[in-house]
Amino acid sequence: MKNYSILLAALLLYPAISQQSFAAGDAKKGANVFAEECGDCHSVTPGKNKKGPGLFGVIGRNAASVPDFSGYSDGIKQSGITWSMDKLDAYITQPRKIVPGGKMKYDGLDDAGARSDVIAYLSSLK
Amino acid sequence: MSVFTANFPKPCGRYWLQFFRNIACAVSLFGISASVALAVPSYARQTGADCASCHIGGFGPQLTPYGMKFKLGGYTDTDGKDGKIPLSAMLVANWTQTAKNVAEADKVPRYDTNNNAAVQEASLFLAGRMTENIGTFIQATYSGVERLSSLDQVDIRYARTMELFGQESTFGLSLNNNPTLTDPFNTLGQWRFPYTSSDFNAGYGPSPLVESLGGSVIGVNAYTFLNNGIYAELGLYDTLSASTLNKINAEDIGQFKGLGTYWRVAYFKDMKRDNFQVGLFGFNARVQPDRNDLGTANNYFDLGVDGTYQFLGNREHIFTLNASYAKEWQKLNYTYGNLAEADNLKNNINQFRLAGSYYYNQTWGATAGIFDTRGSTDRTLYSNSLSGRPTTTGYLLQADWTPWGKENSWGAPYANVRLGAQYTGYSRFMGGSSYLDGDGNQRRANDNNTTMLFLWMSL
């Protein structure tokens, strides 16, 4: 019984723990990661799109939902993704694995720490 | 996205045999340069990207990896919005002072022997996406120095990006009028530092033929960029007819015998924070200098190696280094054999260029460069050289300020301007520390040291 309780508690707490791991990322470092890895194609200025959609307020947003961005692939439109921190982390790691047929020309970011930082940065933008 | 420049050798006078331009331009100094700077903010409007995404320092022509890929993709990337007009305009104005007044015979017509201000270029561009896979970079220029309009640069591309063996690769075709215009790196003739130079500058010595053909030829190039790492290009060129050149106000270098062949391979590695490239390039052509005396041609064979390093980081502190070395083997069947205007049947030119730049906040820039050109001793060909050699060496220093061009800049992406100062110092000119100027008087190489202040705007 005790073991089940622990398992149940772990399952209930997992999302919070997981989100905290991104929140533990360094947003200041994440701004640099964003400039190095993302900033050519994405903007964090509210309402600003580049070749890729704007990323201001991306956490919690449904994929392919920026209203005035028309460059979405069919793959991302049909993905049904909501950009939780976990999902964003998986996507940044291997974009083509998470969204086959996507347009984003990015091979992925292997460094888990850098991903955590950039997600913390995106989360910090209010 | 903005500006670009070429540093063509200085034309040596309207009546000079144009086919000698690559080897003898330094003989007659202070001629008028071919078109130089290019600027195309219409690409920024098309993509939604700021100029600094594609260009080091927020102003062309030094390309970032993003800018390289945009070019190789055929100028077709877009932010998905319709209604973008693929037109841009550009203006380059400058003031130039040389250490000592130039000889009367060497001065630019209608200008003084020193301290000249000029609207050097006013250009219009048709530059942008035409269809999903076709894009253009076409420039028409009015030269305020020559007081002529010309069709300057033409690069019309078809490109497709696809998966090949699981790797993303781009394949493309280019119809263009200049062999090095198509290159995505900033080491070859068309796109190498200095990105703007004064028409009143003495130039950088003789250049290989591959750098001396802009506007005079038409070529079709096939290229590929495999797995974002291997770049390969092959182009075939022919000279335009004399009547066509006359219509577009381009220079007549003579007529090719057969086709000229341009090739290029490079390895590129993009680590995002920094990147590097190493490459090889070559060009060969047989040129019949006089269209009224066809049959015997001068043969040119160019071979070069180049490399680039860029540290981009978070774009606050950017460093770049560009280097190239080219050697040209000439067989002057016509010049030596028919005209006896050279001492040697076979000559060569060796050209080395190096430039390093630093940009702070994509706004404040400093660049230092070295030019070093050497070649065979030929007292007839290089008749103004006291040693008979074309050796021209020196350095360039430039400081510039680019206030806009960033994502949230005032007036973006319409307002683009760069203000700068450039200094050219000569240690040797046409063979040594002294040479004969156009009036036949000895002139020191450092008498040609040049200070230029420039204003470069694009819309």
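# Turns, cores and helices in a two-chain model

B:Asn249 sits in the loop between helix H5 (242-248) and strand E10 (255-256) of chain B. Helices and strands here are DSSP runs (H or I, at least four residues, for helices; E, at least two, for strands), numbered from the N terminus. This is a predicted model, where local features need pLDDT of at least 70 and side-chain atom pairs count only at pLDDT 80 or more, while totals for chains, interfaces and linings use all residues. Residues are numbered from 1 along each chain as its sequence is written, chains are lettered from A and ligands numbered from 1 in the order written, and side-chain values use heavy atoms, with hydrogens and water left out.

Back to B:Asn249: although not a glycine, it has a positive phi of about 55 degrees. At 35% relative accessibility, B:Asn249 is partly exposed; the scale calls a residue buried under 20% relative accessible area, exposed over 50% and partly exposed in between (1.4 Å probe, protein chains only). In chain A, A:Ala64 lies in the loop between helix H2 (27-37) and helix H3 (74-77) and is partly exposed too, at 27%. Why point these out? Most residues other than glycine have a negative phi, and most peptide bonds are trans.

| Residue | Phi | Place |
|---|---|---|
| A:Ala64 | near 60 degrees | loop between H2 and H3 of chain A |
| B:Asn249 | about 55 degrees | loop between H5 and E10 of chain B |
| B:Arg147 | near 60 degrees | hairpin of E5(B) and E6(B) |
| B:Phe165 | about 50 degrees | turn of the E6(B) and E7(B) hairpin |

Those hairpins deserve a look. Strand E5 (residues 134-143) runs antiparallel to strand E6 (residues 148-164) in chain B, with ten bridges joining them; DSSP has to find at least two bridges for strands to pair. B:Gln139 has B:Gln153 of E6(B) as its bridge partner, and four residues separate E5(B) from E6(B). E6(B) also pairs antiparallel with strand E7 (residues 167-176) over ten bridges, with two residues between those strands. There, B:Asp155 partners B:Asn176 of E7(B).

Chain B has cis peptide bonds as well. One runs from B:Gly60 to B:Pro61, with omega near 0 degrees, in the loop between H3 (51-54) and H4 of that chain. Another joins B:Ala412 and B:Pro413, between strands E17 (392-401) and E18 (416-428).

On to packing. A nonpolar core is a set of buried Ala, Val, Leu, Ile, Met, Phe, Trp, Tyr and Cys residues joined through side-chain atoms within 4.5 Å. The largest has 50 residues, with B:Phe137, B:Phe256 and B:Phe283 making the most contacts inside it. E12(B) gives the largest share, four residues. A second, separate core of 26 residues includes A:Cys38, A:Val58, A:Tyr72 and A:Leu88.

A:Leu88 also belongs to the buried set of helix H4 (residues 85-93) of chain A, along with A:Met85, A:Asp89, A:Tyr91 and A:Ile92. Down the axis of H4(A), these fall within an arc of 165 degrees, so they line one face of the helix; the arc is taken from the directions from the helix axis to the C-beta atoms.

How many of the 13 residues of H6(A) are buried? Ten, so H6(A) is largely enclosed by the rest of the structure. Among them are A:Arg115 and A:Asp117.
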